[in-house]
Every structure is written in structure tokens, then in C-alpha cells.
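Here's a friendly walk through a structure you may not have met before. Take a look at it, then read on.

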Amino acid sequence: MSKNKLEPLVKSLLFSKRGLWVALFAIVTAIMAYFMSQLRIDASFEKNIPLKHEYMQTYLEYQEEFGGANRVFVALESKDGEIFTEEFFEALRVADDRVEGIEGVNQSQVQSLYSPSVRYIEASEQGLEGGPVIPPEFEQADKTEAFDKVKENILKAGIRGRLVSNNFKSAMISAQLFSEYNDPKAELKLDADGQAISQMVQTNYVEVADQLEELRRDIEAEYPNVEVHIIGFAKMIGDVSDGAGNVIFFFLIAFLITALLVFWYSRSIKLTLLPLLTSSVAVVWQLGILTALGYGIDPMSILIPFLIFAIGVSHGVQMINGVQHNVGLGFKVYDAAIAACAGLIVPGGVALLSDTIGFLTLQLIEIDIIRELAITASIGVAVLILTNLILLPLLISYTSFSDSFVKGVQKREKSHEVLWHKLSVFAKRPMALIVVIVGILLGLVGYWGSQNMKVGDLHAGAPALKQNSTYNLDTKFVTEEYSIGTDVISILAETQTDGCTYYNIMETIDDFQWQLANVQGVQSTISLPQVSKVVNGLLSEGNLKWKVLPKDEAVLPYTIARVETSTGLLNSGCSVMPVMVFLNDHKAETIERVVESAKSFQADYLAKEKAAVYDIVAGAVSEEELEPLQQVLDPLLNEYSELDYGENSERPTLVAFLDEKLAESGDIEASQLNTVTSALEAELPESGFKPVKFRLATGAVGVMAATNEAVEAAQVPMMIWVYLAVTLLCLISFRSVRGTICVVLPLVVVSLLAQALMTWLEIGLTVATLPVIALGVGIGVDYGIYIFSRMVGFIREGRSVSEAYFETLKLTGNAVLFTGLTLAIGVSTWILSALQYQADMGIMLTFMFLVNMLGAIFLLPALACLLYRR
Amino acid sequence: MKNVLQTLIISFIILAAPISYGEPAVIAPKAVESLLLDIVKVSEQRLLTVGQRGHILISEDQGQNWRQVEVPVNVNLTAVDFLDENHGVAVGFDQTVLLTEDAGETWTVSHQEVSNLQPALFSVIYNSKDTITAVGSYGLYLETKDGGATWENRQIDSLSDVYDGFSHFYDIEKLNADTWYIAGEKYIAEADDYGDEFSKGMIAVTKDAGRTWEKVYSPYEGSFFGITVKANDIYVYGLRGNLFHSKDGGANWAKVPLGVQAGLHDMIITAAGNLVLVGTGGVMVEKSAKNNKAAKVSKRSDLKGRAALIEVANEQFIIVGEGGVRSSSKAETKAQQ
């Protein structure tokens with residue numbers, strides 16, 4: 001090995017004081033281990049969603065009033081026919097009480113047959129009659145008769161399909177969770193004014209899930225004819241956490257296989273244990289730092305420590321490879337370690353730095369869970385620079401090798417040369433040309449395949465979990481037996497206070513609902529105008545011909561007077577009315593269709609309302625004036641339509657708004673402005689210009705829509721940044737444009753192929769898989785850097801590319817092949833995970849690690865051959 | 001001369017300007033599942049149904065498949081009638097009257113007026129090429145004698161209540177060219193000196209093709225939703241499962257026991273002579289006219305209301321209502337009694 005300029009520095013700074021350094025590492029590790037023991041699982045709903053996204057602003061604004069996406073459904077199924085048995089109703093009552101008792105559940109929003117807010121109404125000769133679905137005398141009454149009455153009431157109340165399954169074989173308890181709530185266990189604390197200080201605690205979803213699981217166990221044990229199905233975000237997180245615990249098992253398998261491989265590679269127990277040890281130290285540091293910084297680990301980033309371990313081992317293998325090679329050349333272990341350290345600290349450092357940067361680009365995505373994953377991963381990789389590039393050689397320097405070991409190394413190196421010789425063909429024409437052409441073709445295939453890559457979750461149920469998991473089977477049960485499910489998107493119609501008493505406002509909402517009801521993939525829809533129609537029919541003796549939104553604004557308020565805010569169909573000021581849209585599934589295409597339809601309705605509505613304004617203006621001004629006026633008014637009308645209604649309907653009237661804006665700008669003369677505004681004053685309907693603003697979106701699917709959009713929007717910038725970072729690092733470390741091309745181009749081909757793989761395996765681009773693409777590039781570049789950093793030296797010495805490649809392979813070929821294998825094995829065990837996203841991540845990473853290695857071995861030298869010909 | 005020209009130009013402009021009737025009905029895949037309120041047999045090959053949002057649908061295979069046609073309005077349509085295989089009329093809210101000359105393929109607005117006092121038309125008869133009569137809310141009575149070119153809103157004073165107000169006219173039926181009947185909401189027939197009021201379900205008859213109307217003795221204090229007449233038989237039906245039968249032009253009525261509490265919206269007399277009624281809560285009642293056997297009651301399993309029906313084959317019906325079109329042979333209607 002050629003003498004490295006860094007050697008003296010490395011020797012004086014590190015190895016001469018190796019005892020001190022090792023002790024320091026030991027102390028820090030002990031501290032970090034302490035921190036790590038405090039590590040907590042941290043899963044919050046908000047972390048999973050892009051809070052800055054427009055939809056999520058709506059979500060945050062209204063989550064207290066209408067409940068966000070965070071609903072839990074507990075469905076009790078009667079195993080022997082319809083639900084009308086005493087046993088079933090007792091089970092339902094017990095379950096209802098238990099659900100209400102769970103901490104974090106919003107008790108006012110719990111709905112079931114037993115809720116007082118669940119009522120029926122009907123027409124009679126005396127007018128309207130109504131009452132709770134389960135009548136007060138139910139407990140005493142003769143049960144067969146009482147059950148007939150309850151069944152009738154269920155149908156009259158219109159809750160079949162919502163709180164009772166369509167076939168009457170199951171009943172539902174639906175509960176809303178707070179994201180934080182006042183701690184009931186905390187002692188009362190008063191502030192200076194004697195007011196109670198609110199002591200909010202975050203809802204612990206894992207705990208809620210545990211309590212729900214306990215409820216399931218108890219009910220099913222107590223009432224053998226009742227089966228319980230539970231779905232909802234909190235339950236899903238609970239199941240994911242349980243599943244995430246299994247990663248320890250995969251880790252152990254991966255650890256054992258890796259150990260065996262490293263031993264097979266090094267033929268030395270010492271050299272096997274040391275990289276495993278330093279890599280474990282890196283994981284301890286990583287988790288320690290994470291805890292010290294105040295982060296927890298969530299079920300998604302729980303895999304990252306294992307990834308770090310695998311990366312650590314792969315770099316460790318480079319190190320022991322270097323030491324062995326030097327020992328084989330006759331160095332003493334101490335000197336061999338110094339030389340290996342000096343030789344690898346730059347390429348290894350660059351490689352790890354590019355990993356870190358690859359991870360940091362994930363910060364661009366405005367979803368907290370991805371950002372935390374990025375932080376977790378970058379801390380881990382940064383730590384590896386210390387543990388595996390410094391600590392590892394320091395530790396190796398303490399070891400000694402027998403002569404037979406050294407001879408074995410020499411012998412094996414010799415025997416591998418045959419293989420390296422064969423491989424070096426790829427750095428020679430014509431093979432190089434063929435490989436490059438194949439590479440280009442693969443790139444094209446990848447590009448073609450990647451065009452059909454889907455965004456979002458492609459399958460029904462919870463994407464994090466396997467299709468046959470209990471949770472997803474429960475989801476299937478609920479969506480099949482009920483007309484609702486967790487796949488709901490709520491679009492909020494914002495308007496003025498008491499907006500629901502204006503016919504044109506209600507009509508617009510009704511039209512909107514009808515348009516969405518007709519979108520393919522929509523199962524059912526609910527909104528306030530629909531209720532108004534039903535009640536109007538009932539007010540007219542139940543005559544279906546009167547089942548219409550009353551145009552008479554003296555009648556309209558009567559039809560909604562009885563609708564309570566607990567239905568979630570209106571707020572107390574009647575200025576916000578959600579249109580709830582239940583979907584058959586949450587595939588990205590379905591969501592997109594609904595979002596698209598909602599947006600096109602908005603656009604049409606605005607255009608229609610503008611046309612009405614121009615009609616009024618046209619009636620007041622001459623024909624020549626109209627055109628320029630329209631041009632002035634158009635942007636102002638757009639601006640006005642975007643205004644918020646605010647808490648107390650602070651939105652000015654259109655006339656006031658135009659007066660102010662146009663008086664300010666002076667775009668039109670005062671007299672003309674006056675003509676326009678007085679015409680508008682006289683002729684605009686009382687509810688004003690475009691009185692309804694439809695805001696996307698809450699509900700579980702609303703969150704998914706926002707997440708999909710955020711993920712899709714982040715994809716391109718993220719790739720640009722990753723590649724920019726990798727390219728820049730290569731340029732700096734090789735000081736060669738050609739070299740950078742040789743390293744980066746194979747990565748591009750692999751990225752494209754990986755996206756095509758996602759298309760073919762039906763893996764959607766999601767919060768879980770998006771980071772994988774960045775990770776794959778960041779880590780994939782390691783091989784290229786290790787190979788090219790050596791090769792460029794030989795080329796600069798004047799050797800031909802194929803000779804340079806052969807020499808490089810002698811030095812590092814073993815390690816590169818081996819690194820690819822260890823990394824791939826480390827992550828491939830995830831494929832067995834009970835969690836779908838972990839399995840997906842496992843498939844993707846395994847593919848990217850293996851294929852990136854192949855790219856570095858075959859495509860890189862071929863490109864170099866073509867670019868460096870003299 | 002100048003003035004005449006000006007007037008001509010102005011009137012031309014007025015005539016040429018498209019008259020705004022709100023917006024046309026939206027063609028929607030779920031129209032066939034929407035609230036549909038009336039159904040007619042246009043010809044042997046063609047059924048036609050009307051309902052909410054200006055929905056008009058046509059079936060050419062006895063009700064199996066339906067296709068929505070373009071309609072210039074999107075108000076709720078409540079009733080439809082055909083003069084022959086081509087000429088038809090549909091009515092609905094905002095006093096909308098639509099006419100077709102091509103068996104329902106295209107429709108034009110013949111009358112429309114937004115009024116909170118008389119918001120809707122509920123029933124219509126197409127009497128002859130030139131005359132159409134439609135009735136509706138609060139005594140609304142519209143007729144044309146020139147095929148829809150002009151419409152007259154007549155107040156039928158003889159059918160007012162004791163305070164000169166009007167109840168809703170829900171149904172108008174034709175026995176022959178001159179004799180027609182109206183059934184409707186209860187009206188206040190009497191008020192005594194103490195302020196107590198006594199109401200009657202509206203039944204009325206004309207013997208001179210609508211020129212004069214008179215009330216018929218009413219056997220019920222609640223509302224009637226419909227009336228069906230055939231030869232000497234008159235049936236009126238309405239709220240709470242009430243069905244009455246008269247064989248003498250309404251002088252005497254007999255209550256027909258059906259054993260249901262639902263509001264009854266429509267009734268037909270089948271080819272075999274049986275009575276079939278539909279109504280709220282998804283009920284369908286089949287009653288043999290020949291014997292005294294109890295009526296057979298069935299319900300839609302989801303209890304969605306039924307508005308109207310026709311017989312397409314022997315004892316086979318197409319029923320419309322909430323939830324759209326259903327065939328009686330479908331399994332959803334399960335016998336309950």
C-alpha cells in the first residue's frame with residue numbers, strides 16, 4: 001500500500017494516545033447507555049401528518065369541534081344472528097361504559113345505541129314525535145316487544161349502517177380521541193387569579209390501544225356469543241407498536257448471520273467481534289443522543305438503529321480488510337491499523353458524510369415522523385465516523401495475529417486474484433461498452449417502470465399492517481358490514497354565522513354533496529342539507545314530495561332546529577357544516593378523484609358567482625366600461641373569495657371590501673366605483689358574494705390526502721438535494737468531474753430501477769418508502785466511493801483503467817462484495833416483519849444495497865474505461 | 001314609426017334573451033338511486049320516472065336499465081303524465097311545468113314561477129292536445145288551454161277552508177273526459193264559536209272538465225296523499241294507513257283495513273283487479289279486491305319510503321321512491337306478515 005500522508009497525523013493524534021482514547025470512548029458509551037435506558041416509544045398522530053399542509057390547517061382548526069381523524073370504532077358482532085338478545089345488549093352497554101372510561105376519549109362524542117344523543121323522529125297526526133332509540137322503559141319491558149321497538153327506532157333514526165350494521169348482526173360504539181386532555185390524575189393547581197391551571201397531557205395511543213384490547217378480551221370472555229372488532233388510528237398504532245417489538249427478533253437473526261459472515265470473511269474471532277462491538281457502540285450512542293436531545297423513537301424509525309448497525313458492520317469490514325491486507329504485506333498489527341485508519345478515514349468519512357447528508361435531505365419533507373427519522377439516522381451515521389473509523393482501528397491495534405493467520409490471509413488474497421482478474425474485464429473494451437449499454441437500457445426500463453409508480457397506500461386497511469392482520473380483518477369487517485368506516489374525508493363548508501338559514505348557502509352545500517356522492521369510489525355522504533330535507537318531509541306529514549330543501553327561509557330554520565352539534569353536522573354558530581364523504585377504500589386514485597371533484601366544484605362555483613357579479617355590473621355601466629371593470633374586479637373577487645370567515649364572521653361585505661380596495665388603489669374613478677357598489681348593494685343576494693367556502697379536509701382520508709400530496713411534492717426536491725449532495729461530495733473528494741460521473745450515474749440507474757420495482761411490487765410512495773429512496777442513494781454511494789477513491793490514485797499514477805481496477809479490487813474488492821452482502825442481509829430480515837411498511841422498507845433497501853453494489857462493481861469501471869481512455 | 005321599430009327591437013331582444021330557469025339537471029351516475037317520485041308507462045317499450053334535482057330517467061327494458069336524459073331545470077320533479085306515446089308533461093317545485101313531444105327524450109320549460117306562497121306542483125293530468133291541468137301546494141291550480149303557450153293560475157274558491165285558505169292538493173286524477181278528482185291535505189272544514197277546529201281530508205270532483213269544482217263528503221279527518229278512480233270505484237288514501245272506498249261517487253265510504261300505519265302515497269288496481277299500495281317506511285300492501293283475506297304487507301328492508309308504482313307484468317311492479325328504482329321481484333322486499 002502506498003504511503004499515506006495522513007499516517008503521521010493519525011499516529012500522533014490517535015494511536016500514540018490510544019489508551020486515553022479508548023477510555024474516553026468507554027466513558028462516553030457508559031453515559032450514552034444510561035441515556036438509552038430512558039428511551040421511550042413515542043407515537044403521536046400529529047407526527048404522521050404534514051401539519052403545514054393547507055388541509056391540515058383545516059384539520060387543526062376544527063379538530064376540537066368536529067373531531068379530527070382520530071376516531072376509534074368498536075364493533076360488537078353477534079355470532080348467532082341479529083343483535084336483539086339480552087346478552088348482546090348487556091355486552092354493548094358494558095362496552096359503551098368501558099369506552100367512555102378510557103382516558104383520552106372525548107365522552108361527549110361517544111356514540112352508540114345507548115347514547116342519549118342518538119334519537120329518532122317520525123311524523124304523526126299531531127306533528128313530530130321522537131325519542132331515544134333505546135326507550136327509557138327498555139330495562140323493565142318485555143324484551144321481545146322492546147326489541148321490535150328498538151329495531152324500528154334504529155331504522156327511523158337512520159343509524160342503520162352507522163351504529164348498527166346493515167344486516168343487524170353487529171352494533172358499533174364510535175369514540176373520538178382528544179390529542180391532549182386535562183390530566184384527571186394531576187393535583188389541582190391554581191394560578192395567581194385562583195383559576196385552575198390546565199394540565200394537559202398528551203393522549204397515549206399505545207395505552208388507549210392496550211385498554212381497547214383488554215376490553216376485547218373481557219367482552220369476548222364474558223359474552224361468548226359476541227365478537228369484538230376494533231379499528232381506528234389509536235388501535236392501529238398500538239398494533240404497530242406491538243409489531244415493532246418483533247424487530248428485536250429480526251435484529252438477533254441479522255446479528256447472528258452477520259457474525260457468521262464476518263467470521264467466514266476474516267477467519268478470526270477477534271476481527272469478528274470487534275466490528276460488531278463498535279457497531280453496537282454506535283447504536284448505543286445514537287439512541288443515547290436521541291434521548292438526550294429529547295426525542296423518543298416511534299414505530300417507524302425503530303428500524304433505523306438496525307440499519308445503522310448494518311452500515312457500521314459494512315464499514316468495519318472495510319477496516320478489517322485494510323488491516324488484514326496490511327498484515328498480509330508484513331506490517332505489525334499496530335502499524336497495519338494505523339495505515340488502514342489513515343487510508344480509510346477519508347473515503348470512509350466521505351461515504352458516511354454522504355449518508356448523513358442523504359438522510360438530512362429528508363428534513364425537507366414537512367412531516368415530523370420523516371424528519372425525526374432523518375435526525376435519528378443522521379445522528380447514527382455521524383456517530384459511525386467516530387466508532388468505526390477511529391475506535392475500531394484503535395481496538396484492532398491491541399490485537400495480535402498468529403503467523404498461520406497471516407499466511408492464510410496471503411493465500412486467500414492470492415486465490416481471489418483470479419476472480420478480480422476476471423472482473424477487471426469490465427474496465428476494458430469491448431466489455432465496458434456492452435456493460436454501459438446494458439446500464440443505459442436498464443436505466444430506461446427503470447424510467448419507464450417508475451412512471452407508473454403510485455403515491456399513497458395501494459391497499460385497503462391500515463397500510464402499516466399486513467393484509468391478514470387482526471386489525472385489517474377488523475377493518476374489512478366494518479367496511480363490509482357498515483356503510484361507513486375509517487375511510488372518511490370531511491370537507492368543511494365555512495360560511496357566515498347562521499349560514500344554515502340561507503337557502504342559497506344550503507343549496508350550494510347540497511349540490512356539492514351530490515357531486516361528491518357521484519364520484520367513483522364514494523360509498524355514502526352525509527351533510528346538514530340532507531337532514532333538512534328529511535325533516536321538511538316529516539314536517540309535512542311524511543309526504544315524500546316535500547322531501548326537499550325548503551326555499552322559504554322562514555321554514556328552513558325549523559328543519560334544522562333540532563339537529564344538535566353532537567351529530568358533527570354543524571357547529572354552534574351554524575357557520576361551519578362538514579360534508580362527510582365515506583369512501584370504499586383509501587387508494588390514492590380514489591382520494592385524488594374526490595379531492596379533484598371538490599376542487600372543481602369550488603372553481604365552478606367561484607366562476608358562477610363571479611358571472612353573477614358581472615351581470616349586476618353590466619346592468620349598471622355602459623358596454624365600453626364593462627370590460628376594463630371586469631379586469632379590475634376579477635383579481636379582487638378572487639382575493640375576496642379566499643378571505644377567512646374568522647371566529648365572529650369578521651369577513652367584510654363584498655361592497656365594503658371593494659370600496660376599501662378600490663378607493664386605495666384608485667384603479668377606477670370614484671363615481672364609477674359608486675355606481676358599481678350601489679348596484680351590487682341592491683342586487684347581490686342577502687348572503688353576499690360566494691357565501692360558502694369549502695375547505696379540504698379532515699377525517700382520516702383528509703389526512704391521507706394531505707400526506708400523499710406532501711409526499712409527492714417532496715419527492716422531486718428530495719431527490720435533487722440527495723444527488724446534489726452526493727455529487728458535491730464526490731467532486732470535492734475526487735476533484736474529478738469524470739470520476740463523479742462514474743460514481744453517480746450507476747446510482748441514478750439503481751434509483752430508477754428501485755422506483756420501477758415499487759410499481760411492479762405495488763408498493764406505494766408513502767411516508768415509509770419515501771425515505772428509503774433517499775437512504776438507498778446515500779448508502780449506495782458508499783461502494784462507489786470506496787472503489788473509486790482507490791482507483792483514481794492508480795489512474796493518476798498512469799495505469800490503465802483496467803489495471804487500476806484490478807489493483808483496487810485486490811485492495812477492497814473483497815470488502816465491497818462483503819459490505820453489500822452484510823448490508824443486504826441486515827435489512828432483508830425485515831421482509832419477515834409483521835408490519836407491512838417494515839417489510840416494504842426491507843425489500844426496497846435489500847434491492848438497493850445489492851444492486852448498488854453490482855452497479856459499483858460492473859458499471860462504474862465500465863464508465864471509467866470509456867471516460868478515461870487516452 | 002320609429003317608436004314602433006324601437007318597441008319591436010326591444011321585444012325581439014326580450015324574446016331572444018334566454019330565459020333563465022336556474023340550472024339544468026346534472027347527469028349523474030347515481031340519479032337512478034336518488035329520490036324518485038313518480039313513474040309512468042309511456043308505451044309498451046318505455047317507462048319513465050321523475051324525481052329530485054330534475055332527474056328524468058327512461059327505461060326501455062321494463063325497468064331493468066335506466067338512462068338519465070337532459071332536463072333544463074334541476075328542481076325536484078314530483079309528477080309526470082303522458083297524453084300519448086310522445087306527448088308528456090312533468091311538474092315540480094317552483095311551479096315548474098316541463099313538456100316533451102318526443103316520448104321524454106327532450107324537455108322544454110313551459111311554466112316556472114318562484115313563490116314561497118305556492119312553491120310546488122304535485123300532480124298533473126294531460127287532458128288533450130291543448131289542455132293540461134296541474135295542482136299543488138296551498139291550493140295551487142294551473143291550467144293551459146293552448147298546449148302550454150299560456151298558463152292560468154286559478155284560485156278554486158269552492159275548495160277553500162273556513163278561513164278562505166287552501167290546503168295542499170296532492171293528487172289529481174281523471175275518470176273520463178269531464179269527470180276528474182282531487183285528493184289532498186286535510187283542511188279546516190269547520191270552526192265552532194269556541195275556536196275548536198274540525199278538519200277533513202280533501203276530496204273534490206269536477207264534472208265539467210275543471211270549470212267548476214265541488215268538495216266530496218270526506219270520511220277522514222287526516223290528510224289524503226292520493227286518489228285512484230276506475231269505473232264506479234273511487235279509492236282515497238293517505239296518512240296512517242288509511243284507505244277508503246266508495247262505489248257511489250263519494251256519498252258513502254267504507255274503510256278498507258290494511259293493517260299498516262304508514263302514510264300511503266300511491267295505489268294502482270292491477271290487471272287482475274287487486275289493489276296495490278306503497279308508502280312511507282318502504283311498505284307495499286297487496287289486497288285482493290275479490291275476497292276478504294287480510295292484506296299482504298311487505299317492506300323494503302331499509303325502510304326507505306316508496307312514492308309510486310306501476311305494474312309491468314302480471315303482479316310484477318316497478319316501484320320508485322327514496323333510494324331510486326326497485327323491482328318488486330327483488331329480494332330486498334321481504335314479506336313481514
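Let's start where the chains meet: 26 residues of chain B and 15 residues of chain A make the contact, where two residues count as touching if their C-beta atoms, placed from the backbone, lie within 7 Å. The chain B side of it has eleven nonpolar, ten polar and five charged residues. Here Ala, Val, Leu, Ile, Met, Phe, Trp, Tyr, Cys and Pro count as nonpolar, Asp, Glu, Lys and Arg as charged, and the others, Gly among them, as polar.

Keep in mind that this is a predicted model, with local features needing pLDDT of at least 70 and side-chain atom pairs pLDDT 80 or more, while totals for chains, interfaces and linings use all residues. Residues are numbered from 1 along each chain as its sequence is written, and chains are lettered from A and ligands numbered from 1 in the order in which they are written.

Chain B itself splits in two, with bounds from an automatic or database domain assignment:

| Part of chain B | Residues | Residues given to the contact |
|---|---|---|
| Domain 1 | 34–279 | 33 residues |
| Domain 2 | 280–337 | 31 residues |

On the domain 1 side of chain B, strand E1(B) gives the most to the contact with domain 2, with six residues; strands are DSSP runs of E with at least two residues, numbered from the N terminus. By class, that side has 18 nonpolar, twelve polar and three charged residues.

Over in chain A, helix H23 (residues 699–734) packs against helix H25 (residues 769–796) at about 15 degrees, with axes 10 Å apart. That makes H23(A) roughly parallel to H25(A), a label for angles under 35 degrees.

How values were computed: Axes are lines fitted to C-alpha atoms, for helices over the stretch in contact, and angles run from 0 to 180 degrees between N-to-C directions. Helices (H or I, at least four residues) and strands (E, at least two) are DSSP runs, numbered from the N terminus. Angles under 35 degrees count as roughly parallel, over 145 as roughly antiparallel, 65 to 115 as roughly perpendicular and the rest as oblique.
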